[in-house]
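The exercises below ask for a step-by-step reading of helix packing, of record annotations and of the relation between chain copies. Please work through each task before turning to its solution.

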There are 2 protein chains.
Amino acid sequence: MDELPGTLGTSASLALRLGQFVFAVASILFMCVQVDFYGYTAFCFLVTVMGLDVPWSLTLALVDAFSVFVRSSYRQPGIISIIVIGDWVLSFLSLAAACSTASVADLLITSGGSFCSGKLCSRYQLSAAMAFLSWFLSLGSFLFNLWLLQSL
Amino acid sequence: MDELPGTLGTSASLALRLGQFVFAVASILFMCVQVDFYGYTAFCFLVTVMGLDVPWSLTLALVDAFSVFVRSSYRQPGIISIIVIGDWVLSFLSLAAACSTASVADLLITSGGSFCSGKLCSRYQLSAAMAFLSWFLSLGSFLFNLWLLQSL
């Protein structure tokens with residue numbers, strides 16, 4: 001089988017999905033645990049988008065794992081189309097959420113210590129960085145599956 | 001000629017490019033004219049990205065206008081590839097800048113009147129809205145030209 005690495009059902013795709021899942025969970029944890037995030041629209045948006053990203057990437061990681069270890073294939077154009085559209089929408093939303101969070105965190109830091117202490121600010125920045133990494137892997141999955149869809 | 005509307009050299013593409021140009025210029029004007037925008041990183045980013053978008057969309061609008069009125073064609077895979085990559089990068093940057101500006105403007109509005117007065121805040125919001133519209137048209141151009149590139 002001459003499979004393109006990174007497409008649905010390959011071990012590279014499993015690694016990409018696990019990376020998305022880990023970074024999305026890390027982004028939510030940095031933002032949520034003992035932080036009063038719901039006072040800012042951008043932070044709520046980030047938590048919402050990453051909360052969508054976690055089940056999506058986990059489901060597709062399970063499908064990939066099943067496909068890698070049990071050797072069955074789900075490569076039908078309908079399924080690939082749904083996955084490509086979902087990745088596309090989620091990658092746009094992730095990028096939007098990451099940029100919003102990064103810019104708001106930057107504004108809070110530059111506007112002085114009354115809004116966030118040093119430790120809290122760095123947690124906002126770490127959360128935005130994790131969201132950027134999750135977006136990057138999501139974009140990779142989207143491009144690989146788009147290539148596969150075109151060749152089917 | 002059975003041309004796909006919206007691809008390079010069609011009148012629909014000319015309309016898309018002119019729309020991008022107009023919205024990018026409007027976004028810069030709302031942000032820059034008599035506004036102290038360089039105190040905020042997100043607003044500087046928006047002005048930079050829209051400043052890249054203006055010459056790009058103007059150049060491609062001129063190419064489209066030339067192609068529509070003089071009836072010559074530039075449909076070579078190399079040229080289309082460069083345009084697709086440029087549109088892709090610019091659409092990501094536009095989305096990032098628009099989201100950053102929108103979230104910072106929202107934060108400035110909710111954090112009270114000491115940061116921006118009502119008129120200034122609505123100008124930030126209008127600038128972000130124009131950047132979103134410019135991103136949307138840029139995404140349209142990207143998708144049409146990607147489709148053309150695939151069929152060449």
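## Exercise 1: the first helix pair

Helix α1 (residues 11-32) of chain A packs with α2(A) at an angle of about 155°, and their axes are 8 Å apart; the axes are lines fitted to C-alpha atoms over the stretch in contact, and angles run from 0 to 180 degrees between N-to-C directions. This is a predicted model, in which local features need pLDDT of at least 70 and side-chain atom pairs count only at pLDDT 80 or more, while totals for chains, interfaces and linings use all residues. Residues are numbered from 1 along each chain as its sequence is written, chains are lettered from A and ligands numbered from 1 in the order in which they are written, and side-chain values use heavy atoms, with hydrogens and water left out.

Task: classify how α1(A) is oriented to α2(A), and describe their contact.

Solution. The angle makes α1(A) roughly antiparallel to α2(A), because angles under 35 degrees count as roughly parallel, over 145 as roughly antiparallel, 65 to 115 as roughly perpendicular and the rest as oblique. By class, the contact of α1(A) with α2(A) has 19 nonpolar, six polar and three charged residues, where contact means heavy atoms within 4.5 Å.

## Exercise 2: the second helix pair

Task: state how α2(A) and α4(A) pack, and which residues make the contact.

Solution. Helix α2 (residues 41-70) of chain A and helix α4 (residues 118-151) of chain A pack at an angle of about 40°, with their axes 12 Å apart. That angle makes α2(A) oblique to α4(A). From α2(A), the contact is made by A:Phe43, A:Leu46, A:Met50 and A:Asp53, and from α4(A) by A:Tyr124, A:Ser127, A:Ala131 and A:Ser134. By class, this contact has five nonpolar, two polar and one charged residues.

## Exercise 3: the annotated stretches

Task: find what the model shows where the record places a "transmembrane region" in chain A.

Solution. The unreviewed UniProt entry gives that annotation to residues 78-105 and 126-149 of chain A, and such annotations may be inferred rather than shown by experiment. Over residues 78-105 of chain A the chain is 100% helix and 0% strand, with the end C-alpha atoms 40 Å apart. Residues 126-149 of chain A are likewise 100% helix and 0% strand, and there the end C-alpha atoms are 35 Å apart.

## Exercise 4: the two copies

Task: determine how chain B is related to chain A.

Solution. A rotation of 180° with 0.0 Å of shift along its axis superposes chain B on chain A (RMSD 0.0 Å), using least squares on the C-alpha atoms of residues with pLDDT of at least 70 in both. The two copies are thus related as by a two-fold rotation axis.

Technical notes:
Helix = DSSP H or I, 4+ residues; strand = E, 2+ residues; numbered from the N terminus. Nonpolar A, V, L, I, M, F, W, Y, C, P; charged D, E, K, R; others polar.
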